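Here's a walk through one model, from a sheet to a set of charged side chains. Have the viewer open as you read.

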Amino acid sequence: MKILYITQFFYPERTAGAIRAYENAINWEKGGNQVTVLTTYPNFPIGKIFKEYKNKMLSHEIIEGIDVYRSYLYMRPNTNIVNRLISYIGFPLFSIINLFILNRKYFKGKYDVIITTSGPIFTPIIGLLFSKIRKIPLITEFRDLTFKQILATKFTDNNFAYKVVRGIELFFARASDEVIVLTKGFAKILMEYGIDKNKIDIIPNGYEIKENNSKEDNLKKELIKKSGEIIISYFGTMGVSQNLFKIFDLISHLKEYNNIKFLFIGDGAVKSELLKYKEEKELFNLTMLDGMPEHELEYYYQISDYCLVLLNNDQNFAYTIPSKIFQIMGRKKPIIFIGPEGEASEIINSAKCGLTLYDNEIEILKNKILNFIKKEDTQVLGNNGYNFVLRNYNRKNLCNKYIDIINEKVLGGKKH
């Protein structure tokens, strides 16, 4: 089939949304489908275009057989809500101009289905307009339900912004022919708000099992593991949803254990504040590095003994499953999860691949982590996680399931 895939985040960005979109597109293309991606220029989360790109109104490249069109974006760093709104509105605005006015000749091909993936809440408007005008079935994928997320960041359900975001997301869900969500909880929430359960399917995130691709010979190693050291690492976004200041307080309480070191790699809205907080707390046991390409990141996965998965301990995050869970399990590393009891902790406990903590008191967290490190076998935990991902969250299998849903539910079993 011919698929038009609309996503604000895409390769070479390394966010969860970019990885999911890229691996979906690659697997669909390898499966004999023709995939066209409409995205923008890689810039997230620092808000600066990657050096190999120039911000034009529209450009085209081919990545592993996939036609990738990149639409202009007014870029801002992901440091506050205003910057995020400018970025999230800009992508659909300039994409619509390209699709319908300036560069419509590039999108005149007959598509069988349009898939638009939300995280940025305005992205689905592109697919919805194109779908209505061209009379093509529309799938909207909700990687998050933003209206539930913002309740976990101190908004209330009486807040005007919350009501607007909820209205927008529910409107897109109702207007779509099919809705894909990543968790059972997201499906339940949409059904509670009246979205037809028959058009909702769950395709979680996963991990594409692959060989280690680190290039250690050419790698500048900012951290060398010493004999007897235990390294606990966090890889990912440094934002308001991860409760990072509290984790830094926890790291401060572990300074007396000279063999335990912490490594944080990534960028995000609160990183500059975290760097200042690190200096204030004199966290000599913590190394912080900027986000980096996957082939460089692999080295740091290799030297890590445990990997952190962090969420605000709020029940509005109970249905969120950070994609890094699968990336960690796929690399045979044990997980230390700190957050709410919910779907993420359920996966870790089912896989028997790590420690799940729901406590809020620093001293309790400290003692449980120390006890876990002392008693558990990292190799057994790592293998448990790897095998669990292979059985249940293999990206290739999930991509095939996606295609089956499109064929059976959206296209009515038509062959292409």
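Which residues of S12 point one way, and which the other way? Tyr306, Leu308 and Leu310 are on one side, Cys307 and Val309 on the other, and all are buried.

## Ground rules

We're looking at a predicted model, where local features need pLDDT of at least 70 and side-chain atom pairs count only at pLDDT 80 or more, while totals for chains, interfaces and linings use all residues. Residue numbers start from 1 along each chain as its sequence is written, and side-chain values use heavy atoms, with hydrogens and water left out.

Helices (H or I, at least four residues) and strands (E, at least two) are DSSP runs, numbered from the N terminus. Buried stands for under 20% relative accessible area, exposed for over 50%, and partly exposed for in between (1.4 Å probe, protein chains only).

## The parallel sheet

Start with the open sheet: 6 strands with parallel pairing, in the order S11-S10-S9-S12-S13-S14. Two strands pair if DSSP finds at least two bridges between them. The edges belong to S11 (286–289) and S14 (354–357); each has a single partner strand, so one side of each has no neighbour in the sheet. On average, neighbouring strands here are turned by 20 degrees against each other, direction ignored. For such angles, axes are lines fitted to C-alpha atoms (for helices over the stretch in contact), and angles run from 0 to 180 degrees between N-to-C directions.

Out at the S14 edge, S13 (residues 335–338) pairs with S14 in the parallel sense over 4 bridges. One partnership to look up is isoleucine 336 with leucine 355 in S14. Helix H12 (residues 362–375) packs on the sheet and touches S9 (230–235), S10 (260–265), S12 (306–310), S13 and S14. Contact here means heavy atoms within 4.5 Å. The direction of H12 makes about 170 degrees with that of S14.

## Strand S12 and its partners

Back to the strand from the opening question. All told, 5 of the 5 residues of S12 are buried, so the strand is largely enclosed by the rest of the structure. S9 and S12 run parallel and are joined by 2 bridges, with serine 233 standing opposite cysteine 307 in S12.

S12 and S13 also run parallel, joined by 4 bridges. Leucine 310 has isoleucine 338 in S13 as its bridge partner. Together, S12, H10 and S13 make a right-handed β-α-β unit. Right-handed has a viewing rule: with the strands pointing away from the viewer, the path from the first strand over the helix to the second runs clockwise.

## A salt-bridge network

A salt bridge is a side-chain nitrogen of Lys or Arg within 4 Å of a carboxyl oxygen of Asp or Glu. By this rule the count comes to 16 salt bridges. One of them joins arginine 14 and glutamate 294, at 3.2 Å from N to O. That pair links distant parts of the chain, 280 residues apart: arginine 14 is in the loop between S1 (2–6) and H1 (16–30), and glutamate 294 is in helix H9 (residues 294–303). Arginine 14 is partly exposed at 32% relative accessibility, whereas glutamate 294 is buried at 14%.

Glutamate 294 also meets arginine 331 in a salt bridge (3.1 Å, N to O). Arginine 331 lies in the loop between H10 (324–329) and S13, so its pairing with glutamate 294 in H9 ties together parts that are 37 residues apart in sequence. Arginine 331 has a further salt bridge with glutamate 298, where the closest N and O atoms are 2.6 Å apart. Both arginine 331 and glutamate 298 are buried. Shared partners join Arg14, Glu294, Glu298 and Arg331 into one network.

## Two buried spots to click on

Which side chain of opposite charge is nearest to glutamate 169? That would be arginine 166, 8.8 Å away, and glutamate 169 is buried yet has no salt bridge. For charges, Lys and Arg count as positive and Asp and Glu as negative, with His and the chain ends not counted. Glutamate 169 is in helix H5 (residues 160–175). Not counting residues up to four places away in sequence, glutamate 169 touches Ser118, Ile121, Phe142, Asp144, Leu145, Thr146 and Phe147.

Serine 241 is in the loop between S9 and H7 (244–253), and is buried with a relative accessible area of 16%. Leaving aside neighbours within four places in sequence, serine 241 is in contact with Leu310, Leu311, Asn312 and Phe317. The C-alpha atoms of serine 241 and alanine 152 are separated by 7.8 Å, with these positions 89 residues apart along the chain.
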